[in-house]
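Before planning work at the bench, it helps to read a structure region by region. Please look over the sequence and the coordinates shown here, and then follow the report below.

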Amino acid sequence: MDKDQVAEVLAEIGVLLELKGENPFKTRAYANAARTLEGLAEPLEKLVAENRLGDLKGIGEALQEKISLLVTTGRLPYYEELKASIPAGLIDMLDVPGLGPKKVKALHDRLGVDSVEKLEAACQAGQVADLDGFGEKTQAKILEGIAHRRQYASRHLLSEALAAAEPILDHLRVHPDVVRCSTAGSLRRWRETIGDIDFVVSSAQPAAVIDFFTHQPGMQSVSAQGETKASVILEGGIQADLRVVSDREFPFALAYFTGSKEHNIVMRQRAIARGLRLNEYGLFRAKEETRDPALGVACATEEELFEKLGLAFVPPELREDKGEFAVAEKGPLPRLLEWTDLKGSLHNHSNWSDGRGTLAEIAQAMEGLGLAYWAITDHSRASFQANGLDPARLRKQIAEIKGVNARLADAGSEFRLLTGTEVDILRDGLDFKDDLLAELDVVVASLHVPASDEAENTKRLIRAAQNPHVHMLGHLTGRLLLRREAAKLNQQAVIDACAETGTWLELNCNPSRFDLDWRLWPYAKSKGVKCVINPDAHRFEHAGFLRLGAGVARKGWLTKADVINALPLNRLRAALAAKRQRH
Ligand code: DGT
Ligand code: CA
Ligand code: CA
Ligand code: ZN
């Protein structure tokens with residue numbers, strides 16, 4: 001196990017002990033140890049091998065032993081026994097947003113509640129509000145949390161659905177009986193979360209294709225299988241639907257199953273207005289539902305279908321009935337951003353805070369990907385749990401980055417690291433003073449600890465945007481898809497402030513964030529606010545998030561001209577200087 005996994009286990013032990021009502025010093029020791037490990041600058045394996053765990057603050061002998069065991073064997077019997085000694089329903093309850101171990105224990109001790117279902121019933125009966133230390137507000141919050149949890153459980157992150165779907169699509173593509181194939185549904189539309197995966201295939205041998213599909217590696221079970229369709233549950237729990245049609249029907253089936261439902265409704269109305277009938281099998285000269293090829297209007301591709309309905313081609317990402325028809329009626333849609341337009345990233349971490357890799361290693365990896373620049377924006381001091389940098393360490397990092405860049409230049413490379421920070425937005429301003437910020441190439445300001453009050457959060461973010469040294473606001477709402485709701489804030493007001501001050505907004509393309517949300521980009525664009533697509537990389541592989549983020553930007557109608565990190569390095573430098581020159 002690596003340090004993050006070990007830290008996770010220790011933190012969980014702390015929670016489980018608290019749930020059992022163990023003494024608070026003991027429970028806190030685990031939580032503290034977890035935090036210490038997370039902030040570790042060197043590999044945990046190395047510390048264990050060199051027998052130096054004892055040097056870490058607050059890690060006594062018992063903990064050292066447990067950590068060593070986890071690092072070397074990946075298992076800890078103490079943890080497994082502890083977990084087994086607690087009813088599974090109680091552990092489940094910890095997952096309800098807003099419920100910590102203390103509250104779960106109180107609910108169990110005083111109401112006998114030992115499952116989420118019983119908890120919901122107790123809330124609905126008003127029993128929870130009557131408990132000491134709970135009240136009406138908490139009870140309502142718990143009910144809301146249970147509802148969120150239920151929604152979360154039925155959906156999956158886009159990144160996970162893509163990882164499951166792409167190998168299957170690759171297999172279908174080379175199957176001899178498959179003529180054309182594609183993903184469809186929300187996955188093809190690049191929604192941030194996916195209910196189920198949809199595939200559309202054209203073939204003259206549907207039975208063979210269905211048999212092949214249901215016997216793919218990675219299938220957990222087959223839930224339905226017919227002559228032209230099948231539904232399966234993939235390992236990991238995602239459902240996937242397959243439809244097989246004739247190749248003549250393919251463009252119609254693809255358009256229909258890509259959706260969205262709202263988009264399809266308008267498409268069908270446009271067909272009706274032309275005396276035609278549109279369904280998943282074709283575009284027919286008929287008033288009634290039909291699948292009769294003799295009545296069909298031939299379309300070889302989706303492009304032709306749109307054309308027959310008086311529309312330019314609408315990329316799948318835009319098929320949400322959010323303005324695409326008005327634009328496609330007039331002519332071709334704007335050329336949306338492609339992920340290969342992106343030249344680098346302006347928000348990333350290194351092993352100086354909570355990321356992986358040294359500065360030199362990161363430079364080498366990102367240059368190897370063909371990128372032109374990569375900003376190192378480690379956390380500021382207030383994010384102590386992420387090993388945030390104080391001014392002295394940050395200045396040392398600036399010097400080291402200059403060294404890396406000098407060596408790159410000597411070697412004839414044009415790739416550059418940029419200096420930077422992800423500075424915390426605190427209650428009364430930024431975590432660093434302006435003179436330090438002015439020394440950096442790139443300043444991202446992020447609200448990591450929001451207040452519970454909407455006006456207060458909005459005020460803090462607007463004040464950050466007004467700082468002449470802040471180039472962009474990072475992950476505006478702090479949401480974690482399927483895990484944590486967005487912080488309360490007036491996003492429109494913050495966008496307006498960014499427009500006024502020439503501040504950019506991040507499209508954080510970590511697949512758990514996609515923050516700012518795609519639904520708000522058309523507004524930001526209309527105000528002239530530029531987008532920066534940042535993977536917020538904590539390890540090399542996270543550079544791959546750029547591809548996901550480009551799709552989200554497309555969904556927000558963004559073009560290359562709207563995106564700062566589509567600029568080459570020299571023009572980026574000019575853009576970075578521009579905000580500071582406004583003041
Ligand atoms: P999801 O799976 O919840 O993330 O969202 P979708 O959009 O993938 O929905 P899904 O899998 O239920 O259906 C795929 C597409 O099929 C959907 O986007 C549009 C089309 N479709 C399904 N049912 C209907 C319907 O009742 N009416 C219309 N117009 N289209 C439908
Ligand atoms: Ca779907
Ligand atoms: Ca489906
Ligand atoms: Zn970050």
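The report takes up the metal site, the salt bridges, the nonpolar cores and the cysteines in turn.

**Metal site**

This is a predicted model, and the description starts with its calcium ions. The calcium ion (ligand 2) takes its protein donors from Asp 196, through O and OD, and from Asp 198, through OD, and these atoms lie 2.2 to 2.5 Å from the ion. The ion has six donor atoms, and since the angles among them run from 70 to 169°, the site is classed as irregular. Asp 196 also bridges this ion and the calcium ion (ligand 3), the two ions lying 3.6 Å apart. Asp 198, for its part, is buried, with a relative accessible area of 9%.

**Salt bridges**

Side chains of opposite charge can pair when their charged atoms come close. Across the whole structure, a search finds 39 salt bridges, and three of the pairs are set out in the table.

| Salt bridge | N to O distance | Relative accessible area |
|---|---|---|
| Arg 356 and Asp 2 | 3.4 Å | Arg 356: 28% |
| Arg 381 and Asp 431 | 3.5 Å | Arg 381: 42%; Asp 431: 7% |
| Lys 525 and Asp 562 | 2.8 Å | Lys 525: 31%; Asp 562: 11% |

In the salt bridge between Arg 356 and Asp 2, Arg 356 belongs to the loop between strand 10 (344-345) and helix 18 (359-368), while Asp 2 sits in the segment before helix 1 (3-19), so the pair ties together parts that are 354 residues apart in sequence. Arg 356 is partly exposed.

The salt bridge of Arg 381 with Asp 431 links distant parts of the chain, 50 residues apart, with Arg 381 in the loop between strand 11 (373-376) and helix 19 (391-410) and Asp 431 in the loop between strand 13 (429-430) and helix 20 (434-437). Arg 381 counts as partly exposed, whereas Asp 431 is buried.

Lys 525 forms its salt bridge with Asp 562, and here too the pair links distant parts of the chain, 37 residues apart, for Lys 525 lies in helix 23 (residues 521-526) and Asp 562 in the loop between helix 24 (545-555) and helix 25 (569-581). Lys 525 is partly exposed, while Asp 562 counts as buried. Salt bridges with shared partners also join Arg 189, Arg 191, Glu 192, Glu 320, Arg 479, Asp 517, Arg 519 and Lys 555 into one network.

**Nonpolar cores**

The largest nonpolar core has 89 residues, and those with the most contacts inside it are Phe 199, Trp 374, Leu 473 and Ile 533. Helix 11 (residues 158-173) gives the most to this core, contributing seven residues. When neighbours within four places in sequence are left aside, the contacts of Leu 473 include Ile 425, Val 444, Leu 461, Val 494, Cys 498, Trp 504 and Leu 505. Apart from the largest core lies another, of 45 residues, among them Leu 40, Tyr 79, Cys 123 and Ile 142.

**Cysteines**

The structure holds zero disulfides. For Cys 509, the closest cysteine sulfur is that of Cys 531, and because the two sulfurs are 9.1 Å apart, they are too far from each other for a bond. Cys 509 is buried, with a relative accessible area of 0%, and Cys 299 is also buried, at 6%.

Note on methods
Residues are numbered from 1 along each chain as its sequence is written. Chains are lettered from A and ligands numbered from 1 in the order in which they are written. This is a predicted model: local features need pLDDT of at least 70, side-chain atom pairs count only at pLDDT 80 or more; totals for chains, interfaces and linings use all residues. Side-chain values use heavy atoms; hydrogens and water are left out. Donors are N, O and S atoms within 2.8 Å of the metal (3.2 Å for Na, K and Ca); water is not among the atoms, so sites may look incomplete. Four donors count as tetrahedral if all angles lie between 85 and 135 degrees; four count as square planar and six as octahedral if opposite donors are over 155 degrees apart and all others between 65 and 115; anything else is irregular. Buried means under 20% relative accessible area, exposed over 50%, partly exposed in between (1.4 Å probe, protein chains only). A salt bridge is a side-chain nitrogen of Lys or Arg within 4 Å of a carboxyl oxygen of Asp or Glu. Helices (H or I, at least four residues) and strands (E, at least two) are DSSP runs, numbered from the N terminus. A nonpolar core is a set of buried Ala, Val, Leu, Ile, Met, Phe, Trp, Tyr and Cys residues joined through side-chain atoms within 4.5 Å. Contact means heavy atoms within 4.5 Å. A disulfide is a pair of cysteine sulfur atoms within 2.5 Å.
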